[in-house]
Structures are given as C-alpha cells and as structure tokens.
Amino acid sequence: MAPKKTQNVTDTQAAVEALRAALAEAGIVLPSLRVDPASPGLQLVELGRVRVDVAIRLASALQQGTRE
C-alpha cells in the first residue's frame with residue numbers, strides 16, 4: 001500500500017521540514033530528524049532517539065492536539 005500524501009507533501013525532505021517546523025512551533029526539537037538514507041524507495045522519515053523530557057513534551061503536544 002502506498003503512503004498517503006498529506007497537505008500536498010510528496011517529497012520526503014519536504015515532509016521532514018514540515019514536521020521540523022510543526023515541532024518547533026510546539027517547542028520540540030528532534031536532533032536526529034531526517035530522511036532515512038537507507039530506504040530511499042520507501043520514503044521513510046527517521047525520527048531518531050530523544051531524551052525522556054523531549055518524549056514527554058512530544059506526547060503532551062500530541063495529546064493537546066487531539067483535544068482541539
């Protein structure tokens with residue numbers, strides 16, 4: 001099954017930049033966020049590892065977003 005295209009984002013790098021910008025608005029930085037170079041055909045985005053405080057802020061931001 002092909003991945004769904006959201007908000008006219010078809011380029012993996014554009015998706016990474018859109019995610020990075022949205023996270024920045026929430027005050028969250030994922031230092032390892034990047035296009036996964038090992039799977040160009042799959043168009044995967046690597047989120048990477050984060051400290052526990054960043055994971056908690058990310059979870060909180062997602063929870064708040066579902067309440068809006």
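A salt bridge here is a side-chain nitrogen of Lys or Arg within 4 Å of a carboxyl oxygen of Asp or Glu. By that yardstick R57 forms a salt bridge with D53, and their closest N and O atoms are 3.5 Å apart. Keep in mind that this is a predicted model.

**The overall picture**

Let's step back to the whole chain before returning to the charges. The protein chain has 68 residues, and 13% of them count as buried. Its secondary structure comes to two helices and two strands, and along the sequence these follow the pattern α-β-β-α. Helix α1 covers residues 12-25, and helix α2 covers residues 52-67. Between β1 (34-35) and β2 (45-46) sits a loop.

How much of the accessible surface belongs to carbon and sulfur atoms? The total for the protein chain is about 5500 Å², and 57% of that belongs to carbon and sulfur. As for contacts between residues at least 6 apart in sequence, 37% join residues at least 24 apart.

**Salt bridges**

Side chains of opposite charge can pair when their charged atoms come close. The structure holds four salt bridges, and three of them, including the one we opened with, are worth a look here.

| Salt bridge | N to O distance | Relative accessible area |
|---|---|---|
| E46 and R34 | 3.3 Å | E46 27%, R34 39% |
| R51 and D53 | 3.0 Å | R51 57%, D53 32% |
| R57 and D53 | 3.5 Å | R57 37%, D53 32% |

Take the E46 and R34 pair, whose side chains meet at 3.3 Å, N to O. E46 lies in strand β2 and R34 in strand β1, so the pair ties together parts that are 12 residues apart in sequence. E46 counts as partly exposed at 27% relative accessibility, and R34 is partly exposed too, at 39%.

D53 appears in two rows of the table, pairing with R51 and with R57. R51, D53 and R57 are therefore linked in a network of salt bridges. Within it, R57 and D53 are four residues apart in helix α2, which means they are separated by about one helical turn. R51 is exposed, with a relative accessible area of 57%, whereas D53 counts as partly exposed at 32%. R57 is partly exposed as well, at 37%.

**The nonpolar side of things**

In soluble globular proteins, nonpolar side chains tend to be buried together. Which residues make up the largest nonpolar core? There are six: V16, L23, I28, L30, L33 and V54. V54 is in contact with I28, V29 and L30, leaving aside its neighbours within four places in sequence. I28 and L30 are themselves members of that core.

Some nonpolar side chains sit on the outside instead. L19, V45 and L47 form a nonpolar patch on the surface, with about 210 Å² of accessible area together. L19 has its place in helix α1. Is L19 buried, exposed or partly exposed? Its relative accessible area is 31%, so L19 counts as partly exposed.

**T12 and Q43**

T12 is another residue of helix α1. With a relative accessible area of 12%, T12 is buried, because buried means under 20%. Not counting residues up to four places away in sequence, T12 touches V35, Q43, L44 and V45. V45 is also one of the residues in the surface patch.

Q43, one of those partners of T12, is found in the loop between β1 and β2. What is unusual about phi there? Most residues other than glycine have a negative phi. Phi of Q43, however, is near 55°, a positive value in a residue other than glycine. At 42% relative accessibility, Q43 counts as partly exposed, whereas T12 is buried.

Key. Residues are numbered from 1 along each chain as its sequence is written. This is a predicted model: local features need pLDDT of at least 70, side-chain atom pairs count only at pLDDT 80 or more; totals for chains, interfaces and linings use all residues. Side-chain values use heavy atoms; hydrogens and water are left out. Patches are made of residues with over 30% relative accessible area and no salt bridge: like charges are joined within 9 Å, nonpolar side chains (Val, Leu, Ile, Met, Phe, Trp, Tyr) within 5 Å. Accessible areas come from the Shrake-Rupley method with a 1.4 Å probe; for residues, only the protein chains shown count as cover. Buried means under 20% relative accessible area, exposed over 50%, partly exposed in between (1.4 Å probe, protein chains only). Contact means heavy atoms within 4.5 Å. A nonpolar core is a set of buried Ala, Val, Leu, Ile, Met, Phe, Trp, Tyr and Cys residues joined through side-chain atoms within 4.5 Å.
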